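Trainee: Could you look through this model with me before I head back to the bench?
Mentor: Gladly, put it up and ask away.

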Amino acid sequence: MGTWHTRGLRGSGLEDLVNHTNDRYREKKLALIQKIPTPITPIEIDKEKRHITLAYFEQKSTVDYIGTVQGLPVCFDAKECKTDTFPLKNIHPHQMQFMKEFEQQGGISFILLSYTARNEIYYLPFDHISIFWNRMENGGRKSFTYEEIDHEFVVRANRDMYVHYLEPLQKDLNRKAGT
């Protein structure tokens, strides 16, 4: 199966691992991917510690990451799941709409999903996510299971690229091209 192991950053969340990988991609001129900050409005600020202690989200954000891989526009979200069942409520309708429109413009959309209890990460192509989403919208399950995902899209670590998602991205491109 698709287990990934990292020698560094153990205990870090998925976003930390992806951010580290994106830094390596940029250094190696493989990709330029930016983390999209979620806009917030501070309500309370601890002036001594210079920390925001209470805030609210200003607007719905789109996805976590956006950029280009060798000239190909990509956008994706990073999600974590503690069990083998991923609730679709963790993906918001505006995110699905954004990813759909992004693909209609010739880009590639996907989700990186970490099954934390299994120590495995998968690349979920947008068209696969859409199947689960449409099933839910038509009255079916409001989640999908580990068994339902395509395990060919496992994300492995590669040296200092802890979440080396360019390999499954290439598999996705080959699949879409019919090769």
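Trainee: Over which residues does pLDDT stay under 50?
Mentor: This is a predicted model, and its pLDDT stays under 50 over residues 1-11, a stretch for which the model nevertheless has 27 contacts beyond four places in sequence.

Trainee: And what is the mean pLDDT of the protein chain?
Mentor: The mean is 88, with 84% of the residues reaching 70 or more. Confidence is lowest in strand β3 (residues 51-57), where the mean is 64, and highest in helix α3 (residues 126-137), where the mean is 98.

Trainee: Switching topic, which residues touch the most other members in the largest nonpolar core?
Mentor: Those are Phe110, Leu112, Val163 and Tyr165, in a core of 25 residues. Among the elements that each supply at least two residues of this core are α1 (14-27), β7 (108-115) and α4 (166-177). Apart from that core lies another one, of 22 residues, including Leu88 and Ile129.

Trainee: What is Tyr165 in contact with, leaving aside its neighbours within four places in sequence?
Mentor: Its contacts include Thr21, Asn22 and Tyr25, as well as Ile33, Phe76 and Tyr123, and it also meets Phe110 and Leu112.

Trainee: What about Leu32, buried or exposed?
Mentor: Leu32, which sits in strand β1, counts as exposed because its relative accessible area is 52%, and the cut-off for exposed is over 50%.

Trainee: So what does Leu32 touch, not counting residues up to four places away in sequence?
Mentor: Leu32 touches Arg26, Ile66, Gly67 and Thr68, and its C-alpha lies 8.5 Å from that of Gln70, although 38 residues separate the two in sequence.

Notes
Residues numbered from 1 in each chain as written. Predicted model: local features only at pLDDT ≥ 70, side-chain atom pairs only at ≥ 80, totals over all residues. Heavy atoms only, no water. Core = buried A, V, L, I, M, F, W, Y, C linked by side-chain atoms within 4.5 Å. Buried < 20%, exposed > 50% of the residue type's maximum accessible area, 1.4 Å probe, protein only. Helix = DSSP H or I, 4+ residues; strand = E, 2+ residues; numbered from the N terminus. Contact = heavy atoms within 4.5 Å. pLDDT = per-residue confidence, 0-100.
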